[in-house]
Number of protein chains: 2
Amino acid sequence: MPTNLSDKTVGRLSLYRRLLNSLAKSQGNYLFSHDLAAAASVTATQVRRDVMAVGYAGSPIKGYDVTELAECIGRFIDGQEQQAVSLVGVGNLGRAILAYFTGRRPNLNVVAAFDRDPHRVNRVIHGCRCYPVEMIEETITRQAIRTAIIAVPATEAQPVATRLVRSGIRGILNFAPTPLRVAPNVYVEEMDLTASLEKVAFFARQQSQT
Amino acid sequence: MPTNLSDKTVGRLSLYRRLLNSLAKSQGNYLFSHDLAAAASVTATQVRRDVMAVGYAGSPIKGYDVTELAECIGRFIDGQEQQAVSLVGVGNLGRAILAYFTGRRPNLNVVAAFDRDPHRVNRVIHGCRCYPVEMIEETITRQAIRTAIIAVPATEAQPVATRLVRSGIRGILNFAPTPLRVAPNVYVEEMDLTASLEKVAFFARQQSQT
DNA sequence: TAGATTGTTAATCGATTAACAATC
DNA sequence: TAGATTGTTAATCGATTAACAATC
């Protein structure tokens, strides 16, 4: 119902859902906001605010029904039907991403992978069919795929992104170490491993000096 | 010199440095703030603010000297000596991370990897020696490593993090899909691939509906 | 009821953006 | 000089946090 959810809120909701599923086993079927907050490393108020955003109401005595809340978040994030994902770049990182997501989210499947290397195409890798990059437009349009993961070298990321958007992609998870410029109606999440590791190294150094 | 740099600022600086190195080849040796801004997908004011933070001064006529600025940022982020990194978890994702960082940053090397699986230990993978997890404390303490990457299953992430911090680790890049709770003097960067992909899928769905 | 939690509003905090005098 | 950019301050924006009445 709330149409404008922030980036961060959606990320936290995704995390809550997973935590709920694992907490339900160890703890009971009811949780208070501070239980969930502790598991997610956020504040209890933040949890209340986020849960409120999906329109689920807890009880002041019992707290939140774990099963119902998880389902409610699921309906909210996943929508009605299954969502197909495509992957461009089946190198070391691309294959690891494929393996990572295989069977992890039932409603979120990588159904098509693309690569330039002739040795990788026309094979099934981690249960996903790998096509040549020339077939990006045709495959994505035909299967009406809206989400893509980019795991190609930095120099190729922008042209690939442009082709993807032209084919109908509206959300991109970008592992290439360069920012993408796309139309404003396309959501891009940058996963810059180099920048992240440098940040960690920087603050680690700073901490150990004090 | 500026002691309190924000998380995001350091990340952008890391990006600028890489962009500068590649821009220097295609463009000249001087760049204006809006050139760098366009490449990094931020505003020119943001670039000026960030550059100012590392203490480098540009010229109103020439702009920024690409080589000098890149070196200045490098000195700032990397510090004086090389920085060693450790990796825990040499599964699909761990190996891809190893391959990714090998030779990419000269000052940032993964020098020790750890795994529970006897088939993976005591081997050299992508140029990095792999030890059994029992040797975490000894190895990290002896080599005075301050930075670590966690790529183990969610259930093992917290105990691994605790051991790492006890051994002297002060910065963690966490790929395990669960938030870590550590002492406040330890910097943790969460890399939650599942949450990121769900975010992308969510906004892609929302965009294509409008 | 008393107590702890809930949904929700108000205050705070920090980062981003806009604006402008100083500079070459 | 005129012009475009710089460093830097002030205004804006948004998210987080704190506070509180309502609820079981």
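## Surface near DNA strand D

The largest share of the surface near DNA strand D comes from α3(A), which supplies four residues. The model is predicted. Four helices each supply at least two residues of this surface: α1 (7–26) and α3 (44–53) of chain A, and α2 (33–40) and α3 (44–53) of chain B.

In total, 21 residues surround DNA strand D. The closest are B:Ser33, B:His34, B:Arg48, B:Gly58 and B:Tyr64. Sorted by class, the surface near the strand has eight nonpolar, eight polar and five charged residues.

## Contacts to backbone and bases

Of the atoms of DNA strand D within 4 Å of the protein, 68% belong to sugar or phosphate, and the rest belong to bases. A contact of the phosphate kind is made by B:Ser33, with a polar side-chain atom 2.5 Å from a phosphate oxygen of DNA strand D.

Bases are reached from both chains, as the contacts of A:Arg48 and B:Arg48 show. In the side chain of A:Arg48, an N or O atom is 3.3 Å from a base nitrogen of DNA strand D. For B:Arg48, a polar side-chain atom lies 2.9 Å from a base oxygen of DNA strand D. B:Arg48 is also listed among the closest residues to the strand, as is B:Ser33.

## The sheet of chain B

Chain B contains an open sheet of seven strands with mixed pairing, in the order β5-β6-β4-β3-β7-β8-β9. The edges are formed by β5 (123–125) and β9 (187–190) of chain B; each has a single partner strand, so one side of each is left without a neighbour in the sheet. On average, neighbouring strands of this sheet are turned by 25° against each other, direction ignored.

Within the sheet, β3 (residues 83–88) and β7 (residues 147–150) of chain B pair in the parallel sense over four bridges. In this pairing, B:Val85 stands opposite B:Thr147 in β7(B).

## Relation of the two chains

Two copies of a chain are related by a rotation about an axis and a shift along it. Here a rotation of 180° with 0.0 Å of shift along its axis superposes chain B on chain A, with an RMSD of 0.0 Å. That is the relation of a two-fold axis. In chain B, the C-alpha nearest the axis belongs to B:Ala96 and is 3.1 Å from it.

The interface follows the same pattern: 100% of the interface residues of chain B are also interface residues in chain A, so the copies meet through the same surface.

Terms used
Residues are numbered from 1 along each chain as its sequence is written. Chains are lettered from A and ligands numbered from 1 in the order in which they are written. This is a predicted model: local features need pLDDT of at least 70, side-chain atom pairs count only at pLDDT 80 or more; totals for chains, interfaces and linings use all residues. Side-chain values use heavy atoms; hydrogens and water are left out. A residue is near a molecule or strand if one of its heavy atoms lies within 4 Å of it. A polar contact is a pair of N or O atoms within 3.5 Å; within protein, one must be able to donate a hydrogen and the other to accept it, and residues adjacent in sequence count only if both atoms are side-chain atoms. Ala, Val, Leu, Ile, Met, Phe, Trp, Tyr, Cys and Pro count as nonpolar, Asp, Glu, Lys and Arg as charged, and the others, Gly among them, as polar. Two strands pair if DSSP finds at least two bridges between them. Axes are lines fitted to C-alpha atoms, for helices over the stretch in contact, and angles run from 0 to 180 degrees between N-to-C directions. Copies are superposed by least squares on the C-alpha atoms of residues with pLDDT of at least 70 in both. Contact means heavy atoms within 4.5 Å.
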